[in-house]
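Please go through this structure with me in questions and answers. Short replies are fine, with the reasoning shown.

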Amino acid sequence: NFDNDDFLREIMVAIDVFSKRSFDSKENNDLLETLENIFRDNGFEVEFADEIYETETSLFHYPITIFKLY
C-alpha cells in the first residue's frame with residue numbers, strides 16, 4: 001500500500017514436480033515445457049531451479065516458481 005492505495009500486487013507460487021525418471025528424459029522435458037507455456041500464456045513469469053535427486057524417496061524433484069506482478 002502507498003497512500004492508502006494498492007500500488008503493487010504479487011502472486012508467487014512454488015510448485016514441486018516429482019518423477020521416477022530424470023527430467024532430462026523427453027517425456028519429462030515435454031511436461032516442463034508444457035507447464036511453462038501454460039503459465040506464460042496466462043501472464044506468469046516462470047523460474048526453474050536445478051533438478052534434485054532425493055535418495056530417501058528415489059525420486060527426481062524439479063522445483064518451479066511462478067509469479068505475476070499486477
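The questions below concern a predicted model.

Q: How many bridges join β1 to strand β4?
A: Strand β1 covers residues 10-19, and β4 covers residues 59-69. The two run antiparallel. Within this pairing, methionine 12 stands opposite phenylalanine 67 of β4. The number of bridges that join β1 to β4 is 10.

Q: Which residue in β4 is the bridge partner of valine 46?
A: Strand β2 spans residues 45-48. It is joined to β4 by 4 bridges, and the strands run antiparallel. The partner of valine 46 in β4 is isoleucine 66.

Q: Which residue in β4 is the bridge partner of isoleucine 52?
A: Strand β3 takes in residues 52-54. Its pairing with β4 is antiparallel and has 3 bridges. The partner of isoleucine 52 in β4 is histidine 61.

Q: Which residue in the turn of the β3 and β4 hairpin has a positive phi?
A: The hairpin leaves 4 residues between β3 and β4. One residue in that turn has a phi of about 60°. That residue is serine 58.

Q: Is aspartate 50 buried or exposed?
A: Aspartate 50 lies in the loop between β2 and β3. Its relative accessible area is 66%. The cut-off for the upper class is over 50%. Aspartate 50 is therefore exposed.

Q: Which residues does aspartate 50 touch, not counting those up to four places away in sequence?
A: Proline 63 is 13 residues from aspartate 50 along the chain. Their C-alpha atoms are separated by 7.3 Å. With the sequence neighbours left out, aspartate 50 touches His61 and Pro63.

Q: Which element supplies the largest share of the largest nonpolar core?
A: This core has 10 residues: Val17, Phe23, Leu32, Phe39, Phe44, Val46, Phe60, Tyr62, Ile64 and Ile66. Helix α1 (26-41) and β4 each give at least two of them. The largest share is 4 residues, and it comes from β4.

Q: Which residues does phenylalanine 39 touch, leaving out those up to four places away in sequence?
A: Phenylalanine 39 belongs to the largest nonpolar core. Phe44, Val46 and Ile66 belong to that core too. The full contact list for phenylalanine 39 is Ile15, Phe44, Val46 and Ile66.

Q: Which residues make the nonpolar surface patch of about 260 Å²?
A: One member, valine 13, sits in strand β1. Valine 13 has a relative accessible area of 34%, so it is partly exposed. Patch members need over 30%. The patch is made by Ile11, Val13 and Tyr70.

Q: Which residue meets glutamate 27 in a salt bridge?
A: A search of the whole structure finds 4 salt bridges. In this one, the N to O distance is 2.9 Å. Glutamate 27 is partly exposed at 48% relative accessible area. Its partner, partly exposed at 45%, is arginine 21.

Q: How many residues apart are aspartate 30 and lysine 26 in helix α1?
A: The two form a salt bridge, with the closest N and O atoms 2.9 Å apart. Aspartate 30 is partly exposed at 33%, whereas lysine 26 is exposed at 61%. Both lie in α1, about one turn of the helix apart. Their separation is 4 residues.

Q: Which residues are joined into one network by salt bridges that share partners?
A: Glutamate 45 forms a salt bridge with arginine 40, and the closest N and O atoms are 3.7 Å apart. Glutamate 45 is partly exposed at 42%. Arginine 40 is also partly exposed, at 37%. The network is Glu36, Arg40 and Glu45.

Q: How far apart in space are leucine 69 and aspartate 24, C-alpha to C-alpha?
A: Leucine 69 lies in strand β4. Outside its neighbours within four places in sequence, leucine 69 is in contact with Leu8, Arg9 and Glu10. Aspartate 24 is 45 residues from leucine 69 in sequence. The C-alpha to C-alpha distance is 31 Å.

Key:
Residues are numbered from 1 along each chain as its sequence is written. This is a predicted model: local features need pLDDT of at least 70, side-chain atom pairs count only at pLDDT 80 or more; totals for chains, interfaces and linings use all residues. Side-chain values use heavy atoms; hydrogens and water are left out. Patches are made of residues with over 30% relative accessible area and no salt bridge: like charges are joined within 9 Å, nonpolar side chains (Val, Leu, Ile, Met, Phe, Trp, Tyr) within 5 Å. Accessible areas come from the Shrake-Rupley method with a 1.4 Å probe; for residues, only the protein chains shown count as cover. A salt bridge is a side-chain nitrogen of Lys or Arg within 4 Å of a carboxyl oxygen of Asp or Glu. Buried means under 20% relative accessible area, exposed over 50%, partly exposed in between (1.4 Å probe, protein chains only). Two strands pair if DSSP finds at least two bridges between them. Contact means heavy atoms within 4.5 Å. A nonpolar core is a set of buried Ala, Val, Leu, Ile, Met, Phe, Trp, Tyr and Cys residues joined through side-chain atoms within 4.5 Å.
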